[in-house]
Amino acid sequence: MLATPNKFNLLDIVALKTPLSEHNLLAGQVGTIVEILAPEVYEVEFSDDDGQTYAMQALPAHQLLKLHYKPLKTMSNTINQFGKGDNVAGDKIQNDFKGANIGNFANEVKDNASQQASNFTQTSGANISEILQLIGNLRQTVAQFPPETRDDIIIDIDDVEAEIQKPEKERNLPKLKKRLLALLAAATLVAAPIAGMTDFANNVMEIGNKLNIQLKLPSAK
């Protein structure tokens with residue numbers, strides 16, 4: 001894998017700007033960069049909601065558009081509920097963000113989720129608190145990932161945690177599987193030696209087991 005400056009980074013989520021009819025790919029099709037083949041040339045993996053790969057294509061940068069999941073600026077601390085009546089939701093957002101950064105707010109949410117974990121029903125024989133502990137282990141390890149991939153991996157972890165905290169019948173299992181597979185791919189594709197990388201992959205596999213989601217560790221290229 002080449003370590004030269006590139007427009008995109010490993011594990012970036014991208015979309016096709018133009019259709020590739022010869023490969024049955026439409027404009028707007030979303031994929032993940034899994035390898036940097038050359039400056040401005042990337043191998044992109046396209047997979048469905050079940051995490052199954054349906055296309056793998058080498059593409060130049062000018063055919064790709066990077067997708068972003070975070071705003072350029074943090075959320076305003078003046079959010080209020082429209083209309084009259086109970087303004088608890090608006091006040092809650094305003095007070096939580098006042099004098100605190102996004103990271104502190106996220107930690108508060110995580111702590112509250114851990115405290116309430118005992119009130120959740122068990123999933124596949126495992127208490128929710130056990131899965132949240134595994135997610136906490138993932139967060140500790142991901143802090144060592146290269147900056148260019150860390151944010152996207154944190155987004156996947158956040159999505160997994162959000163689904164876990166939903167009632168069992170409301171969880172999107174295909175989405176959970178796709179996010180867990182993305183985390184396994186990250187553990188395989190990150191080139192830099194990271195302490196606890198094996199534990200990171202094992203924790204992801206364990207979360208899948210507790211949710212009865214079958215996962216397969218990707219082969220390292």
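**Exercises: a pocket and its strands**

In this predicted model, α5 gives the most to the lining of the largest pocket, namely 11 residues.

**Exercise 1.** Describe the largest pocket by its volume, its central residues and the classes of its lining residues.

*Solution.*
- Step 1. The volume of the largest pocket is about 930 Å³.
- Step 2. The lining comprises 38 residues, and those closest to the pocket centre are Glu45, Ser47, Lys178, Leu181 and Ala182.
- Step 3. Sorted by class, 17 of the lining residues are nonpolar, 10 are polar and 11 are charged.

**Exercise 2.** Find which helices and strands each supply at least two residues of the lining of the largest pocket.

*Solution.*
- Step 1. Among the strands, β2 (30-38), β3 (41-47) and β4 (53-60) each do so.
- Step 2. Among the helices, α4 (147-164) and α5 (173-189) each do so.
- Step 3. Of these contributors, α5 gives the most.

**Exercise 3.** Work out how β1 and β2 are joined, and how β2 and β3 are joined.

*Solution.*
- Step 1. Strand β1 (residues 13-16) runs antiparallel to β2, and three bridges join the two.
- Step 2. Within this pairing, alanine 15 lies opposite valine 30 of β2.
- Step 3. β2 and β3 also run antiparallel, with five bridges between them.
- Step 4. Threonine 32 has glutamate 45 in β3 as its bridge partner; Glu45 is also one of the residues closest to the centre of the largest pocket.

**Exercise 4.** Which residue in the hairpin of β2 and β3 takes a positive phi?

*Solution.*
- Step 1. The hairpin has two residues between its strands.
- Step 2. Glutamate 40 is the residue sought, with a phi near 70°.

Notes. Residues are numbered from 1 along each chain as its sequence is written. This is a predicted model: local features need pLDDT of at least 70, side-chain atom pairs count only at pLDDT 80 or more; totals for chains, interfaces and linings use all residues. Side-chain values use heavy atoms; hydrogens and water are left out. On a 1 Å grid over the protein atoms alone, a cavity is a set of points where a 1.4 Å probe fits but cannot get out, and a pocket is an open set with protein on both sides within 12 Å along at least five of seven lines; lining residues have an atom within 4 Å of a point. Grid points are joined across faces, edges and corners, and a volume is the space filled by probe spheres set on the points. Helices (H or I, at least four residues) and strands (E, at least two) are DSSP runs, numbered from the N terminus. Ala, Val, Leu, Ile, Met, Phe, Trp, Tyr, Cys and Pro count as nonpolar, Asp, Glu, Lys and Arg as charged, and the others, Gly among them, as polar. Two strands pair if DSSP finds at least two bridges between them.
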